[in-house]
Structure formats: structure tokens, C-alpha cells
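Let's take a friendly walk through a protein chain, one piece at a time. Keep the picture beside you as you read.

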Amino acid sequence: MSQRWKPTGPATLLIDDMDAAGVDIAVVFGVFGDAEDNAFVAKSAEEHPDRFIPFVNFAPSYEEVGLELVDKYLGEYKWKGVKVGHTHAVARFMYPMMEIAERHGAVVAVHSDHSIRNHPYIIGDIANSFPKVKTVILHMGGGTCFDSELLSTKMAEKNPNIYLETCYSNPYAIKQAVERIGAEKVMFGSDSANGGYGSRFEKAGDYMGLMLDAVRFADLPEEQEKLVLGNSAAKLLGVDA
Amino acid sequence: MIVDIHAHIGHHPLMDFKQTPEEILRDMEKYGIDVTFVMPFPSMKIQEVNDRIAAVVKEHPDRLIGFGCVDPNADGALEEVERIVSLGLKGVMLDPEFHRVFGRSPKIEFMVPCMDNNLPVLFNNPNSETGESESMGRETYYNGLNQLAYKFPEVRLVVNTFWPRIKELMRTHRNIIIDTGGRNGITSGVGLVKDLGPTRICFGSESPQNHPGLGVKEIRTLKLAPVYRELLLGKNAKRIFRDLF
């Protein structure tokens, strides 16, 4: 979520989507990784503590300033994770960020796609360098390039600290991931925002509902589906399911 | 009527995905899809995979329309197009990532029997690093399609929404048709509707890489005029490919 993301709106827009789609809790983070963006997330999380779990957004391009923000939110605010967006997943400042995350026992979630900067293998490399840091490959590499979704699973098979998040992925890849690495390592995500993709759809919750359907259409056994739709993330983040 | 113009049968030779005819028919039943265009994955065993598609569509002539794969560089490319026709298949699929289609001195003679037999040519590129942005590269793809559409204006050429500079190509060539090619392709397709109109965009799931049920649902829930939704879901395909039904 962000105040500058276009189109945008108040944080309650995201809650409207969650209510319409039947989602109880969302992990939220900013888009740009600067102080203002993270502060907006902090304010939103304070206003809706039962609905939002905040992660600090880290942009390696801010160098030391970005690291200070990560340390601040993980240390003082006791946030549970770090999110890294469309940047180079093994940028120079990613390594000190991972050290901070390890020190605080935080989860690190990294955007993935088929590009050389955010390919699942690149994220696998940094996760392999920090085996104590639970690392989430966001979107499972999916979206436009099906190879990346399957390769995310391969990375998770080789690195026990890797988890996968499902948005943009398709049921075929989600099912394969569950079969190979276990449902407790696969977590539903929608990439929704207070605006963003959801605004392209007719009604609140339509977009989030489609992302939920990507999991439901995988025809997983009931217990596995429950894990992917919430229990895996609850366990990872220490939240009551 | 809902028509899915892009689905694969078989096991991809490079990647770990596969689909059976039974799975396609099951999903068609489940998600209300009336007709699906089925094709093999790209293969070096061209005749074998085309024969399989022909056998499948013979069993389900009201539900499945078959396309055959062609390697433009193969010695028997022209003959394979003619064989595709004799097998009862209705179109040709190319995979420029598997068989070289574009680049220097491309072999495009196979387009002549495609034109003679009024076969549409569908480009399968599930894993291209393509995009509307020129900075994503793939000028070869842009130039290749531009040339092909110019040289064979009567042949219907089907590509997905991520083809490089697709808007420019579609404005230039009336014979280029969009296959939504999965979920993100559908969302992008809505943007194309605004710029290019709704009449040359057809729902294609590109299953098994993408899920046909999600594709149908996405088109039904996006902000689109209801009449446009019906065009994308099936009316365009029925009109543009009326000779195939």
C-alpha cells in the first residue's frame, strides 16, 4: 500500500476488498521503500491492528538509509518481516539487510519475476547464503513466464528456508509446488493494494477473489488448501489461525 | 458461447507441464467452455504430435478444433502443412522459442500453403521475455511479425498480448489477432480494448500453463462493457474463425 501508488485511496480500500473476498488478515507493505511510504504503512497498521500485519519495505537503492529503516521497524516496532520489491534481488545492500533480518529473526519476502534481476534462481542464491532467514519468493516467479513458477518450486526444494507466495501463479504451478515442497511452505497472496489492480475490476474483492480462486482451482485436499489459504502464513508469522 | 482459442495437449519437451484431452474436456464442462482450439506442444516429433491432435479432434468434433505444429526450417515444412490439412486440422501453430521462425533469412515458404488453405497461424510463446515496452527487446519478434503480416495479409496471425509493440502492429495490420494468453494477458487485453477496440481480441487460456476457468472468470469480472465481454469470450472467435467451426 502507498499514498503515492496510482490509482490510490485510503487503506480502508484494501479492507473493503478483504471483506468482500472473505480475507481476514493481510500482510501489508509500502511500494517505494522510503521513510514516507513505510510511515503510511505504520499508520495504517496502527489504525487496523486486527487486519494488517506490516512488513518494512526495503529498497536497496536507499543504501544506508534503507538499512536504518529496516532496523528501526524490525527493532523498535517489532515488525515481523521485510519486503523487497522490483529491484535487484542480490543488490549490494541486500546482504547487510539480510544480516539485520537474521538478527531480528524476521521473514524476508522478495518480489520475483522472469527477469535476471528477480529470477527465482537469484532469490534462491541469497536465501542460500542466509539459511536461517525464512525467505519468501513472492508471486512464485509467475505472471508472464510459466517457467519461473516451476523454477521457484525447484529453488524451494533445494533450500528449506524458502517459502512461496501464490499471486499471479496458476493452479497447475500451485498444485505442483504443494506436492513437492508441502502446503506449509506455500502461502496465498494477492498483490492487492489500496487501489492498483483491483480498480480494473467491477466490484470490490473481485481481483482478490480471482487470486483466491487460483488456489481453490488447484483442487487440493481440504487440509492442504486451508494451509495455503492462511494456516501456513499464520504459522510462519506466529498468528492465531 | 465461450471459445478458448489456445490449449495444449501432450507433454512439453523442455518444461515440466502436460495436459490430456480428458483434462481439457473436464475443464470445458466445469467452466462452460463450448469449443477449444487444441494443439500440441512444440516438438521435434512433428508428425507424431500432429497425428495425436488429429486423433483427439476426430473423437470430439463438436468440442475441439485442432491445430498442427510446423517447424518452418524443416525440409518437409510445406508438405507438413498439406498433411495437416489432410488430417482434418484447421490451423498451424508455430513456437518461435522452440523452432526458429524469425531472424536472418527466415524460411517463410510454409506460409504459402497456409494461405492457399486459409489456415490461421497461431504463435505460441509462453515464456518470452516480451512486453509492450521496446526496452524489453525482442525487436526480432516485432520485425518478424511485421514482415510476415505485410507479406501475407490474407493469413490470420494470432499472437498474445505481450508481443513486442503489439499495439503498433495491430494498428498497421488488420490480419493480426490477439489471443489473451492467460490471466495477465487478459488484464493487459483490457488495455488493448481501450486502444484498439474489442473486435480482434479472443479468449485463449494457453492451458495448462494458465487455467481456463480463471480466464473466463477474469473476463467476466473486469470492468468491460457486457457486450465487449461476450466478444472476447467467444463472439470474436466465432466470427474471425467461422470457417473452422
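## Strand S5 and its neighbours

In this predicted model, B:Val92 has B:Val121 as its bridge partner in S6(B). That pair belongs to a wider match: S5(B) and strand S6 (residues 121-123) of chain B run parallel and are joined by three bridges. To get from S5(B) to S6(B), the chain passes through helix H4 (residues 111-116) of chain B, and this β-α-β crossover is right-handed.

S5(B) also pairs with strand S4 (residues 64-69) of chain B; these two run parallel and three bridges join them. Here B:Cys69 is found opposite B:Met93 in S5(B). Together with helix H3 (residues 77-86) of chain B, S4(B) and S5(B) form a right-handed β-α-β unit.

Which way do the residues of strand S5 (residues 91-94) of chain B point? B:Gly91 and B:Met93 point one way, while B:Val92 and B:Leu94 point the other way. All four of these residues are buried.

## Chain B as a whole

Now step back and look at the entire chain. Chain B has nine helices and nine strands. Its radius of gyration is 16 Å, close to the 18 Å that the globule rule gives for 245 residues, so chain B is as compact as a globular protein of that length. Here are some overall values for the chain:

| Property of chain B | Value |
|---|---|
| Span of the C-alpha trace along its principal axes | about 50 × 40 × 35 Å |
| Buried share of the 245 residues | 61% |
| Accessible surface | about 9,800 Å² |
| Share of that surface belonging to carbon and sulfur atoms | 50% |

How do contacts in chain B spread along the sequence? Taking contacts between residues at least 6 apart in sequence, 71% join residues at least 24 apart.

## A residue on the outside

Finally, find B:Glu154, which sits in the loop between helix H5 (139-151) and strand S7 (157-160) of chain B. Is B:Glu154 buried or exposed? A residue counts as exposed when its relative accessible area is over 50%. B:Glu154 has a relative accessible area of 60%, so it is exposed. You can also look for B:Arg174, which is 20 residues away from B:Glu154 along the chain. The C-alpha atoms of these two residues are separated by 9.2 Å.

Methods. Residues numbered from 1 in each chain as written. Chains lettered and ligands numbered in written order. Predicted model: local features only at pLDDT ≥ 70, side-chain atom pairs only at ≥ 80, totals over all residues. Heavy atoms only, no water. Buried < 20%, exposed > 50% of the residue type's maximum accessible area, 1.4 Å probe, protein only. Helix = DSSP H or I, 4+ residues; strand = E, 2+ residues; numbered from the N terminus. Pairing = 2+ DSSP bridges. Right-handed = clockwise from strand over helix to strand, strands pointing away. Rg over C-alpha atoms; globule rule 2.2 N^0.38 Å. Contact = heavy atoms within 4.5 Å. Areas by Shrake-Rupley, 256 points an atom, 1.4 Å probe, with all protein chains shown as cover.
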